[in-house]
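Please look through this structure before reading my points. Keep the sequence and the 3D view side by side.

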Amino acid sequence: MSTRRIETVVRVRRLQEQLASAEVARTRHAAVAADAAERAAWQLVAERSDTSSGHGAPTRIAAVLAERDKLEGGIAHARRHGDRTATAHHHLDLALTDWRVAMQRLDGIERLSERLTTAERAEESRKEMVELDDLVVMRWEGDAA
């Protein structure tokens with residue numbers, strides 16, 4: 001594989017890793033927002049249930065049923081937020097997995113690039129030594145003649 005092609009692959013892998021990292025940040029932000037929305041919804045349900053069961057509790061059956069309907073609606077709303085939170089965390093897990101894969105690919109191609117660079121340097125050094133040996137041999141043969 002040519003050095004130029006390796007460099008191109010390294011650049012592509014870096015871009016893929018950066019995109020995956022950005023996706024992790026985006027999904028992490030979405031998960032945090034979903035957590036906050038769910039907590040707020042449950043807090044509203046808790047506050048409403050505390051005020052409805054206090055000293056000023058409604059005495060009429062219609063009022064009790066209306067209060068129960070409000071609490072059930074609040075609980076359903078909080079559960080929907082819980083579903084969104086679970087989905088957001090699942091997407092975050094997927095994004096983290098994709099990012100890890102991108103990092104492994106980048107690491108692998110960078111190691112390959114380093115090995116090829118080291119091999120090229122060793123080959124250049126070997127060629128220089130061969131040239132130096134040839135010069136020494138030519139000079140020695142010239143001195144011997």
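1. **A residue to begin with.** This is a predicted model, and my notes should be read with that in mind. Start at L132. L132 is partly exposed, because its relative accessible area is 45%, and the cut-offs for that class are 20% and 50%. L132 sits in helix α2.

2. **The patch around it.** L132 belongs to a nonpolar patch on the surface. The other members are M129, L135, V136 and M138. Together the five offer about 510 Å² of accessible area. Find L132 in the view, then pick out its partners.

3. **The overall build.** How many helices and strands are there in the protein chain? There are two helices and zero strands. Helix α1 covers residues 3–52, and helix α2 covers 61–144. The radius of gyration is 34 Å, whereas the globule rule gives 15 Å for 145 residues. The chain is therefore more spread out than a compact globule.

4. **Spans and surface.** The C-alpha trace spans about 125 × 25 × 15 Å along its principal axes. Of the 145 residues, 17% count as buried. The accessible surface comes to about 11,100 Å². Carbon and sulfur atoms account for 57% of that surface.

5. **Contacts along the sequence.** Take the contacts in the chain with a separation of 6 or more. Residues 24 or more positions apart make up 88% of them. Distance in space is another matter. A88 and K127 are 39 residues apart in sequence, and their C-alpha atoms are 58 Å apart.

6. **The nonpolar core.** Which residues form the largest nonpolar core? There are seven: V24, A31, A34, A88, L92, A95 and L96. Both α1 and α2 give two or more residues to this core. The largest share, four residues, comes from α2.

7. **Two core members up close.** A88 is found in helix α2. A88 counts as buried because its relative accessibility is 12%, and the cut-off is 20%. Leaving aside neighbours within four places in sequence, A88 is in contact with T27, A30, A31 and A34. L92 is also in the core. Not counting residues up to four places away, L92 touches V24, T27, R28 and A31.

8. **T27.** Is T27 buried or exposed? T27 is buried, with a relative accessible area of 3%. T27 has its place in helix α1. Beyond its neighbours within four places in sequence, T27 is in contact with A88, H91, L92 and A95. Three of these, A88, L92 and A95, are listed in the core.

9. **Salt bridges: the R14 pair.** Side chains of opposite charge can pair when their charged atoms come close. The structure holds seven salt bridges. In one of them, the side chains of R14 and E110 meet at 3.0 Å, N to O. R14 lies in helix α1 and E110 in helix α2, so the pair ties together parts that are 96 residues apart in sequence. R14 is partly exposed at 38% relative accessible area. E110 is partly exposed too, at 23%.

10. **A pair within one helix.** R26 and E23 also meet in a salt bridge, at 2.6 Å, N to O. Why are R26 and E23 separated by about one helical turn? Because they are three residues apart in helix α1. R26 counts as partly exposed at 47% relative accessibility. E23 counts as partly exposed at 33%.

11. **A second pair between the helices.** The side chains of R48 and E67 meet in a salt bridge at 2.7 Å, N to O. R48 lies in helix α1 and E67 in helix α2, so this pair ties together parts that are 19 residues apart in sequence. R48 is partly exposed, with a relative accessible area of 31%. E67 counts as buried, at 12% relative accessibility.

12. **A small network.** One last group to find is R68, D69 and E72. Salt bridges that share partners join these residues into one network.

Note on methods: Residues are numbered from 1 along each chain as its sequence is written. This is a predicted model: local features need pLDDT of at least 70, side-chain atom pairs count only at pLDDT 80 or more; totals for chains, interfaces and linings use all residues. Side-chain values use heavy atoms; hydrogens and water are left out. A nonpolar core is a set of buried Ala, Val, Leu, Ile, Met, Phe, Trp, Tyr and Cys residues joined through side-chain atoms within 4.5 Å. Buried means under 20% relative accessible area, exposed over 50%, partly exposed in between (1.4 Å probe, protein chains only). Contact means heavy atoms within 4.5 Å. Patches are made of residues with over 30% relative accessible area and no salt bridge: like charges are joined within 9 Å, nonpolar side chains (Val, Leu, Ile, Met, Phe, Trp, Tyr) within 5 Å. Accessible areas come from the Shrake-Rupley method with a 1.4 Å probe; for residues, only the protein chains shown count as cover. A salt bridge is a side-chain nitrogen of Lys or Arg within 4 Å of a carboxyl oxygen of Asp or Glu. The radius of gyration is taken over C-alpha atoms; the globule rule is 2.2 Å times the number of residues to the power 0.38.
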